[in-house]
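Reader: Could you take me through this one? I'd like to go over it piece by piece.

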Amino acid sequence: MPTSPDLHSHSTASDGCLAPARLLERAYQHGVRVMALTDHDTLEGLPEGQASADALGMDFISGVEISVTWNGGTVHIVGLGVDQENTELNQGLASLRAFRDWRAEEIGHRLQRSGYPGLFERARALSNGRLISRTHFARALVESGHADSVAGVFRRFLVRGKPGHVAGEWASLEDAVCWIRAAGGQAVIAHPARYRMTRTRLRKLFAAFVDAGGVALEVISGSHNRDETFTMAAHARDFGLLGSAGSDFHDPANPWIEMGRLPAMPGGVRPIWHDWELQGLQETAAH
Ligand code: AMP
Ligand code: MN
Ligand code: MN
Ligand code: MN
């Protein structure tokens, strides 16, 4: 059964559970033939992902998911087709990882002061020496018996107003888009329905994104329901944005959606891959 390209996924280079090669193999087994690896704020997994995709005969898109602060909130910008050697992009991502390192220690201190010791060390061990995300703290808190599930642990510990929350500034929207473009990539707003923004504010974000040189919206996301998909398709049409599609796969035990199961792009939205040269692109599932 042919499936849609999957242009949003995570490996052990950030907060995913599968090494890049295992992730690509799993995607292949689920029918995916065009795949982007988009780890948070790092390009580290891309060479292994590329090698695995080459061995499997899949199209591999070099990607990244950049953490951005916009209007006081966090927004994620995916870059697709980026040059891994580009200095501007690599320097920008290095600055975000430096902030992550500081933030991880700070999260650890705050949890310790609230009576939950040793979590920085556990989170760091779970990250295998790579970047530390809140997901690693969530897993550490579950493992140490402080919470039942990774989803509940965010609400109790890791969001604003909770003991393990640390505010901070990620990249600006303009810088993130600029780094992606400097590296020859296309900038995409990730999972736009996840930001708990009003319609007005969301449309301000889209306008600012277009001004900055962004080209696509993730209309299809593993984290979108049907209504959200159609709402985002309408926004993409209004703003002249291309549509992207991605599972946002992290963890076989806990997927938003299994790979290879993405719905088709709604009518009237041009897919971001429409002019890509792909060997493995099949017709996407019928509407
Ligand atoms: P960070 O970039 O380190 O702040 O971590 C953000 C990551 O945490 C996201 O990419 C998700 O993978 C994960 N995350 C955020 N909120 C939740 C949630 N409510 N349930 C599960 N995972 C979440
Ligand atoms: Mn994540
Ligand atoms: Mn994200
Ligand atoms: Mn993601």
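**Surface and metal sites**

Author: Glutamate 88 is partly exposed, with a relative accessible area of 40%; please keep in mind that this is a predicted model.

Reader: Where does glutamate 88 lie?

Author: Glutamate 88 belongs to helix α3, which covers residues 87–113.

Reader: And which residues form the negative surface patch?

Author: That negative patch on the surface is made up of Glu88, Glu174, Asp175 and Asp211.

Reader: Switching to the metals, what are the protein donors of the manganese ion (ligand 3)?

Author: Glu65 donates through OE, His76 through ND1 and His191 through NE2, and these donors lie 2.1 to 2.2 Å from the manganese ion (ligand 3). Glutamate 65 is in strand β2 (residues 59–70) while histidine 76 is in strand β3 (residues 73–80), so the pair ties together parts that are eleven residues apart in sequence.

Reader: Is that pair buried or exposed?

Author: Glutamate 65 and histidine 76 are buried.

Reader: What coordinates the manganese ion (ligand 2), then?

Author: The manganese ion (ligand 2) is coordinated at 2.1 to 2.2 Å by Asp15 (OD), His40 (NE2) and His250 (NE2). Of these, aspartate 15 sits in the segment before α1 (20–29) and histidine 250 in the segment after β6 (242–246), a pair that links distant parts of the chain, 235 residues apart. Aspartate 15 is buried, as is histidine 250.

Reader: How are the donor residues of ligand 2 spaced in sequence?

Author: For the manganese ion (ligand 2) the spacing reads D-x24-H-x209-H, and for the manganese ion (ligand 3) it reads E-x10-H-x114-H.

Reader: What separates the manganese ion (ligand 2) from the manganese ion (ligand 3)?

Author: The separation between the manganese ion (ligand 2) and the manganese ion (ligand 3) is 5.6 Å.

Terms used:
Residues numbered from 1 in each chain as written. Chains lettered and ligands numbered in written order. Predicted model: local features only at pLDDT ≥ 70, side-chain atom pairs only at ≥ 80, totals over all residues. Heavy atoms only, no water. Donors = N, O, S within 2.8 Å, 3.2 Å for Na, K, Ca; no water. Helix = DSSP H or I, 4+ residues; strand = E, 2+ residues; numbered from the N terminus. Buried < 20%, exposed > 50% of the residue type's maximum accessible area, 1.4 Å probe, protein only. Patch = residues over 30% accessible without salt bridge, like charges linked within 9 Å, V, L, I, M, F, W, Y side chains within 5 Å. Areas by Shrake-Rupley, 256 points an atom, 1.4 Å probe, with all protein chains shown as cover. Salt bridge = Lys/Arg side-chain N within 4 Å of Asp/Glu carboxyl O. Lys, Arg positive; Asp, Glu negative; His and termini not counted. Charge placed at Lys NZ, Arg CZ, Asp CG, Glu CD.
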